[in-house]
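Please read these notes with the model open beside you. They go point by point and can be checked one at a time.

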Amino acid sequence: MFFGMVAIGLGFGIFFYLTNNKQVANDFKKSHPVVSVIFVLSSSYFVVYLLGSVVVFIFGILLPIFGAVFHVILIHASMRLRNMKNKIMNKVEWIGLRRSPMGIFLDFLGMEQEFVM
């Protein structure tokens, strides 16, 4: 979003600079306002093109999505209980009497669970 705002600002800045230095350009701006707006939008699009559409996509779309995912992870981590039952279940899984779905999934991938006690 920041790069989009910079692009629009640069487009207006270039347009302002070009139309205030020459009387012919200023007269054109007053007589053809629609063409002037199209010029500003097309120059803004060109600046966005120069910055790279991938960067605009990452900061405009993916950054809010990652922010939402981060909040979900933070809420999950803060709501997780660390009580005696959880500690006993960790020991039972470590011995191998009962396996969690994540342990089954890791075994399927050929990885081992790490137990940090």
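**Notes on the predicted model**

1. Setting aside residues up to four places away in sequence, Leu 18 touches Ala 25 and Phe 39. Leu 18 belongs to helix 1. Its relative accessible area is 43%, and that value makes Leu 18 partly exposed because it falls between the 20% and 50% cut-offs. Please keep in mind that this is a predicted model, not an experimental one.

2. Leu 18 also belongs to a nonpolar surface patch of about 800 Å². The other members are Phe 2, Met 5, Val 6, Leu 10, Ile 14, Tyr 17 and Phe 39. Which element gives the patch its largest share? Helix 1, which covers residues 2-21, supplies seven residues. On helices in general, there are 3.6 residues a turn, so residues three or four places apart point the same way.

3. Is Ala 7 buried or exposed? Ala 7 sits in helix 1, and with a relative accessibility of 0% it counts as buried, because buried means under 20%. Once neighbours within four places in sequence are left out, Ala 7 is in contact with Ser 44, Val 47 and Val 48. Between the C-alpha atoms of Ala 7 and Val 40 the distance is 9.9 Å, and the two residues are 33 apart in sequence.

4. Val 47 gives the view from the other side of one of these contacts. Val 47 is located in helix 3 and is buried, at 12% relative accessibility. Neighbours within four places aside, the contacts of Val 47 are with Ala 7 and Leu 10. Leu 10 is 37 residues away from Val 47 in sequence, but their C-alpha atoms are 7.7 Å apart. Leu 10 is also one of the residues in the nonpolar patch.

5. Ser 36 is another residue to look at in helix 3, which runs over residues 33-51. What does the side chain of Ser 36 reach? The partner is the backbone oxygen of His 32, at 3.0 Å. Ser 36 is buried, with a relative accessible area of 5%. Apart from neighbours within four places in sequence, Ser 36 is in contact with Phe 15, Phe 28 and Lys 29.

6. Helix 5, residues 84-95, allows a simple check of length. The helix has 12 residues, and at 1.5 Å a residue it should span 16 Å. The end C-alpha atoms are 17 Å apart, which agrees with that expectation. Gly 96 comes just after helix 5 and takes a positive phi of about 105°.

7. Some figures for the whole chain complete the picture. How many helices and strands does the chain have? There are six helices and zero strands, so from the N terminus the order of elements reads α-α-α-α-α-α. The chain has 117 residues, of which 15% count as buried; Ala 7, Val 47 and Ser 36 are examples of buried residues.

8. Two further totals concern contacts and surface. Among contacts with a separation of 6 or more, residues 24 or more positions apart account for 45%. The chain exposes about 9,900 Å², and carbon and sulfur atoms supply 75% of that area.

Technical notes. Residues are numbered from 1 along each chain as its sequence is written. This is a predicted model: local features need pLDDT of at least 70, side-chain atom pairs count only at pLDDT 80 or more; totals for chains, interfaces and linings use all residues. Side-chain values use heavy atoms; hydrogens and water are left out. Helices (H or I, at least four residues) and strands (E, at least two) are DSSP runs, numbered from the N terminus. Buried means under 20% relative accessible area, exposed over 50%, partly exposed in between (1.4 Å probe, protein chains only). Contact means heavy atoms within 4.5 Å. Accessible areas come from the Shrake-Rupley method with a 1.4 Å probe; for residues, only the protein chains shown count as cover. A polar contact is a pair of N or O atoms within 3.5 Å; within protein, one must be able to donate a hydrogen and the other to accept it, and residues adjacent in sequence count only if both atoms are side-chain atoms. The expected span of a helix is 1.5 Å times one less than its number of residues. Patches are made of residues with over 30% relative accessible area and no salt bridge: like charges are joined within 9 Å, nonpolar side chains (Val, Leu, Ile, Met, Phe, Trp, Tyr) within 5 Å. A salt bridge is a side-chain nitrogen of Lys or Arg within 4 Å of a carboxyl oxygen of Asp or Glu.
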